[in-house]
Amino acid sequence: GVVRMVTLPGHAAEACGYYDTRSKTVMTGDSIQFYGAGQYGCQLYGGLANYESSMAKLKGMVEDGEIENIIISHRYVPVSAVSKGRAGSLQYMTTAQQCYEDIKTYTIEKYNNGTQSADQIMRDFMSERSRQYPDFPTNYFSNAMNHIINNYCR
């Protein structure tokens, strides 16, 4: 009863994390990876609704004091691979969610204003937001933008 599995679909439908109840640490694997690692881009095989739900679930666990530390499989932009302490983990989850919401809002607005290509939206985002997101991944990121378009624009 020391380690519990936490379902965290989004990156993959079957994704999960492992939660150590003694240290209040969750190991999330690739579950917090929107915007992703520069060399990998972002892949969402488990769907946006699942991803959004998993992010909210993790943030809620931090807010409730269940989680104090977060370890992910590798550094993702704009957050690192480890967050320590409840305040740090709350900031960590807030930053990850804000990044996702920023990309989602940008994609929806560009699409609704006539830019129908996810690849073009990705290029525009990289051009317009390079200061805010200096390590923006170019590999496969339009795939995530396609998910946003298919879920929120069509």
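User: Happy to be looking at this one! Where β2 and β3 form a hairpin, which residue in the turn has a positive phi?

Analyst: Good place to start, and please keep in mind that this is a predicted model. Strands β2 and β3 form a hairpin, with four residues between them. In that turn, the residue with a positive phi, about 55 degrees, is lysine 24.

User: How many bridges join β2 to β3, and do they run parallel or antiparallel?

Analyst: Strand β2 covers residues 16-20 and strand β3 covers residues 25-29. One pairing to look for is aspartate 20 with its bridge partner in β3, threonine 25. The two strands run antiparallel, and the number of bridges joining them is three.

User: What is the order of the strands in the whole sheet?

Analyst: Let's walk along the pairs. Five bridges join β1 to β2, which run antiparallel, and valine 3 has aspartate 20 as its bridge partner in β2. Four bridges join β3 to β4, which run parallel, while two bridges join β4 to β5, which run antiparallel. The sheet is open, has five strands with mixed pairing, and its order is β1-β2-β3-β4-β5.

User: Why is one side of β1 and of β5 left without a neighbour in the sheet?

Analyst: In the order β1-β2-β3-β4-β5, these two strands come at the ends. β1 (3-7) and β5 (82-83) each have a single partner strand, so one side of each lacks a neighbour, and the reason is that both stand at the edges.

User: Which residue in β5 is the bridge partner of isoleucine 70?

Analyst: Strand β4 takes in residues 69-72, and two bridges join β4 to β5. On the β3 side, glycine 29 has isoleucine 72 as its bridge partner in β4. Toward β5, the partner of isoleucine 70 is serine 83.

User: Now the helices, please. Which strands does α2 lie across?

Analyst: For comparison, helix α1 (residues 48-63) lies across β1, β2, β3 and β4, running at about 140 degrees to β1. Helix α2 (residues 86-112) runs at about 50 degrees to β4, and the strands it lies across are β4 and β5.

User: How far does α2 reach from its first C-alpha to its last?

Analyst: Helix α2 has 27 residues, and at 1.5 Å a residue the expected span is 39 Å. Just after α2 comes glycine 114, which takes a positive phi of about 110 degrees. The reach of α2 itself is close to the expected value, at 38 Å.

User: Are α1 and α2 roughly parallel or antiparallel to each other?

Analyst: Two packed helices are described by the angle between their axes and the distance between the axes. For α1 and α2, the angle is about 155 degrees and the axes are 9 Å apart. An angle over 145 degrees counts as roughly antiparallel. The pair is therefore roughly antiparallel.

User: By class, how many charged residues does the contact of α1 with α2 have?

Analyst: Residues of α1 in this contact include Leu48, Tyr51, Glu52 and Lys59, and they meet a group in α2 that includes Arg86, Leu90 and Lys104. By class, the contact has ten nonpolar and three polar residues, and the number of charged ones is five.

User: What is the handedness of the crossing of α2 and α3?

Analyst: The axes of α2 and helix α3 (residues 118-128) come within 10 Å and cross at roughly 120 degrees. That makes α2 oblique to α3. In the contact, residues including Tyr106 and Lys110 of α2 meet residues including Ile121 and Phe125 of α3. The crossing is right-handed.

User: And how many nonpolar residues are in the contact of α2 with α4?

Analyst: The axes of α2 and helix α4 (residues 141-152) come within 10 Å and cross at roughly 65 degrees, and the two helices are therefore roughly perpendicular. The contact is made by residues including Tyr100, Ile103 and Ile108 of α2, with Phe141, Met145 and Ile149 among those of α4. By class there are one polar and one charged residue, and the nonpolar count is nine.

Note on methods: Residues numbered from 1 in each chain as written. Predicted model: local features only at pLDDT ≥ 70, side-chain atom pairs only at ≥ 80, totals over all residues. Heavy atoms only, no water. Pairing = 2+ DSSP bridges. Contact = heavy atoms within 4.5 Å. Axes fitted to C-alpha atoms, helices over the stretch in contact; angles between N-to-C directions. Parallel < 35°, antiparallel > 145°, perpendicular 65-115°, else oblique. Nonpolar A, V, L, I, M, F, W, Y, C, P; charged D, E, K, R; others polar. Expected span 1.5 Å × (residues − 1). Left-handed = near helix turned anticlockwise from the far one by under 90°.
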